[in-house]
Each structure stands twice: as C-alpha cells, then as structure tokens.
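Subject: The structure we talked about

Hello,

Here is the structure I promised to pass on to you. Please have it open while you read the notes underneath.

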Amino acid sequence: EGRKEGRKEAGGAMAAAGPERPGSGGVCLLGPAPGAPSCPHGPALLFMKTGQGREEGRRFYACSACRDRKDCNFFQWEDEKVSEARLAAREEYNRNHQPSFTHRQNVDRYKNFVLLPLSKRRFCQECQQLLLPAEWEKHSDHQFLCDISTAQLKSPSQLLYPLENKKTNAQYLFADRSCQFLLNLLMDLGFRRVLSVGTPRLHEMIQSKASQEDFSVRSLLLDIDFRYSQFYTEDEFCHYNMFNHHFFGGEAARETCRKFLCEENGERVIMVTDPPFGGLVEALASSFKKLMAMWKETEKEGHDKKEMPMFWIFPYFFESRILDFFPSFSMMDYQVDYDNHALYKHGKTGRRQSPVRIFTNLTPSMIVLPEEEGYRFCTVCQRYVSSGNQHCEICNSCTSKDGRRWKHCVLCKKCVKPSWFHCNNCNCCTLQKHSCEKTDAGCFVCGKAGHKRSACPSLSRA
C-alpha cells in the first residue's frame, strides 16, 4: 500500500510543487539534497507533502525532470529503508535506460558518417539515429531519410523530431527571426562565448557560422536531449539536466563547462537559457545559480563582476517568480516566437501574441529592440518597449506585460489588463465574468489567511 501511494504521489509531485501549476495537491519542493537517490535523469529532487494548516509533512524523492509518472515513476520516501535487492534492480534499470552509444562513440560514428558518399548517408527517423551502412539491415523495417547533406548535418534541430512533452523536455525551437535577433544582440553587446542551456537552435546557428572569417562567437550546448551528441563533440555539447544541475558525463563534462566559462583574452561569456515552460522555477533557479557560481570560480583577481550575464527566456506571467530568485533581473518587451508552437508566434494581435520574454541581469537600456518591429525607446523608463506599451504617469512606468495597452485602476493602485474590471467583492481587478473567491478560509498549503495557494510563501522556501 505504501508503494502504491508512493507511485501516485510521485506522479503529481512535479505538477503540484510550484505555484505555476495550481492544484489540490499539497506538495512543495525542497530542492536538491546530498546523497539523493537517482533515476535515469540523475539525482532526484526532495519534496515535502503538506496539508491545510500543516507546515511540515513527510518528505520524499521524485524525478527531477519528469512531471508525469508515465515518463518516469521514480519515487522514494526520504526515511524509507530500501533493500539491497531493490537498490540493485534500480541500478540495473538506470543502466538499461541510458543511450545506446556514449558521446565518444557518437563522435567517432559522425566522423565515419561524413566520409560516406551522399548516396550512403541515411538517418533512421524511428530511432532518430545516423546510420552507418553496416547498420542498415538492423533498421530495414524503419523509415529512412536518405542523402543526408552537409547542410542537414549542420542543422540537427531540423533533422530531429522535436520532443514536445510540455512537462518534461518540451523543445519549442526558436523561429529564425528570434534566433537571428538574439545572436545579433549578443554580438552587439560584445559577448564572444555563449553558454546555450536548452537552446539548440541558437547553438547550431553559432556553429554554422563558425567557419566565417569575421565570426568569432563560440557556443557550448547544455541539453538533456542526448541525440545532439551525434552531431557535436565533447567540447561543443554536454548532456545536462537543468532541473538538478546534473552532468551525465560526470566530472569530465563539468570541467568542459567550467573551462568554457573561463574568460580569456577579453572574451566575455553570457548564458542563454530557454527551459520548458512547464518546469519548476525553483528547480531551474537553483541550477542556474550553480552555473553562475561555476563562472564565479573562474573569475580572475581584480574583477568586480557580481553575476554572470544571463538571458532567461520564459513567459511573462512568471515574472514575479523569477524576480523572487533573481532580484537583479528585469523583463524585456521583446516577443520571442517559435517555429513549432501554434500560439507563440510573432505578429499576432491582442491575447494571441507570444507571451515569451527575455529576463536579464544586464542594464535594460543596453538591450536595443528592433524599431522596424514596433519597439521604441522610453526615455523615462530608459528601456525599449513595445508600441502598445504606453507610459503610465501615475505608475511612472511602461506597465504592459502582454503587448496591449493597459489601464490604470485607482483602487488597485496599479495598471491592469484592458479586459479587467474592478470587483468590489474580490477587492481587485479581474475578468468581468468570474467567480468571486474569498481567501478567508486560509491557504491550502500553510493554512494562513490572506493569500491563495498560488501565492504561498512556503512554496518558495527552496
């Protein structure tokens, strides 16, 4: 019965652990823990069950990357005594769920693949694998892509099927417009090294331009999608889980990352990350701070830097959560769009506009947005804003978050969305058609009155 309850709890752990996924489950994330057990996705994260009015509950480990038990059903109570037999079975399970080839083997296979004539270059769509002639027979009943060109090999994000599980490792790939804008912006800001965390399309654009004489930017891709190891060397790609800061390649991969972050000859480094939008902000922030600390370790004496420069690309409605962990960050108005997402497209109007923005610790006035796309510079806010983002004299700020012109509510003492109206029952602005909710009954997580579960401070303890 305990294991049955455990499996059920593990399936909902990641889904309920953060305010970005409200629900009835009382679970909060405590974060990485020393000596945590591992699943195929690396060390598990520690969570705690909570109930209304109770601040403490039983702790358990669950998968760091998967929020759906169908993807990974790992679960273990923190105080549970695991038998030797179960530990051995778990280790065997983890081994059996590792990739067929190591990164080194994939690099060697790639070298042999590019030597083949075009007519013998095949890619198995079912296995998502480059095939050498000796392996054709084994994949004879699979669908092939034939005559794989050099251009295709340099654009693996277009060759590979995107992993579109929103909760685990959703790969919404930058549209060319956004990707080119980001690269141009990074170059204009003087960055020559880009730590690409979960941004494979930006990485491959940098790699494809590496042979140009006037191009001096380098990139290192950290991504949980091991398929990219077929196309990049150990100095270009590290298999990495951004939810638990786990390098699957061990200390060698960690050292590769550390060396890349070491600034030499004035080559400034910036980290650009585009995590799955369903991921826990707490877990992501923890990993990003560790990458920042790794960069800090490479700092030379006399440097007065405080934080590694960073672009965190995420929907605007996570702004308060990101600022909780990175108070130095600010949100830019630039709308990031994606090739393979039905809604996150540039050029749409109203609520159909892409909600994805750039959060950065760089000075906002340095981020120049394209005027031809409707962005303008606000001299009061000292930053570029979208054309619909009008400056509010009362708030003394350009307050719109979604590209539409917002209106000021005197009672709320802030600007709100144009479709919202002030509700005297709720004592705040909200949609005209809504169910009035009172929070006097207390928060489901901590039991205290005055706030809802989605705004509970207990969820930010990590």
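Below is what I found, going from the chain as a whole to its strands, helices, cores and one loop residue.

**The whole chain**

Please keep in mind that this is a predicted model. The chain has 462 residues, and 50% of them are buried. Its secondary structure comes to 10 helices and 25 strands. If you take the contacts between residues at least 6 apart in sequence, 58% of them join residues at least 24 apart.

**Strands E1, E4, E5 and E6**

A good place to start is strand E1, residues 27–31, where 4 of the 5 residues are buried. Its partner is strand E4 (residues 45–49), and the two are antiparallel, with 4 bridges between them. Within that pairing, Cys28 sits opposite Met48 of E4.

E4 is also joined to strand E5 (residues 59–62), again antiparallel and through 4 bridges. Here Met48 turns up once more, with Arg59 in E5 as its bridge partner. From E5 you can carry on to strand E6 (residues 75–77), which runs antiparallel to E5 and is joined to it by 3 bridges. Tyr61 has Gln76 of E6 as its bridge partner.

**A sheet of three strands and helix H3**

Further along there is an open sheet of 3 strands, in the order E8-E7-E9 and with antiparallel pairing. Strand E8 (129–131) and strand E9 (144–146) form its edges, each pairing on one side only. From one strand to the next, the twist averages 30 degrees. Strand E7 (residues 122–124) is linked to E9 by 3 bridges, and Cys124 faces Phe144 of E9 across that pairing.

Helix H3 (residues 103–114) lies across E7 and E8, at about 50 degrees to E8. H3 has 12 residues and spans 17 Å from its first C-alpha to its last, close to the 16 Å expected at 1.5 Å a residue. Which of its residues are buried? They are His103, Asn106, Val107, Arg109 and Phe113. These residues lie on the same side of H3, because the arc they cover around the axis is only 165 degrees. Their cover includes E7 and E8, along with helix H4 (150–153) and strand E12 (237–241).

**Helix H8**

Helix H8 (residues 250–261) also makes a nice example. It has 12 residues and reaches 17 Å from first C-alpha to last, close to the expected 16 Å. Ala253, Thr256, Cys257, Phe260 and Leu261 are its buried residues. They share one side of H8, because their arc around the axis is only 135 degrees. Behind that pattern is a general point: an α-helix has 3.6 residues a turn, so residues three or four places apart point the same way.

On the face turned away from the buried side, H8 carries the exposed residues Glu251, Ala252 and Lys259. The buried residues of H8 are covered by elements including strand E10 (191–197), strand E11 (218–223), E12, strand E13 (246–247), strand E14 (268–273) and H9.

**The nonpolar cores**

The largest nonpolar core has 88 residues. Those with the most contacts inside it are Leu195, Leu202, Leu222, Phe288, Leu291, Phe311 and Trp312. Helix H9 (residues 281–297) gives the most to this core, with 9 residues.

Leu195 is worth a click in your viewer. Leaving out residues up to four places away in sequence, Leu195 touches Leu220, Leu222, Cys257, Phe260, Leu261, Ile270, Met271, Val272 and Leu291. Among these, Cys257, Phe260 and Leu261 are also on the list of buried residues of H8.

A second, separate core has 15 residues, including Phe113, Leu132, Leu221 and Tyr228. Phe113 is one of the buried residues of H3.

**A loop glycine**

Last, have a look at Gly388, which is in the loop between strand E19 (383–385) and strand E20 (391–392). Is Gly388 buried or exposed? Gly388 counts as buried because its relative accessibility is 18%, and the cut-off for buried is under 20%. Apart from neighbours within four places in sequence, Gly388 is in contact with Gly403, Arg404 and Arg405. Tyr375 is 13 residues from Gly388 in sequence, and their C-alpha atoms are 8.9 Å apart.

Happy browsing, and do write back with any questions.

Best wishes

Conventions
Residues are numbered from 1 along each chain as its sequence is written. This is a predicted model: local features need pLDDT of at least 70, side-chain atom pairs count only at pLDDT 80 or more; totals for chains, interfaces and linings use all residues. Side-chain values use heavy atoms; hydrogens and water are left out. Buried means under 20% relative accessible area, exposed over 50%, partly exposed in between (1.4 Å probe, protein chains only). Two strands pair if DSSP finds at least two bridges between them. Axes are lines fitted to C-alpha atoms, for helices over the stretch in contact, and angles run from 0 to 180 degrees between N-to-C directions. Contact means heavy atoms within 4.5 Å. A nonpolar core is a set of buried Ala, Val, Leu, Ile, Met, Phe, Trp, Tyr and Cys residues joined through side-chain atoms within 4.5 Å. The expected span of a helix is 1.5 Å times one less than its number of residues. The arc is that of the directions from the helix axis to the C-beta atoms.
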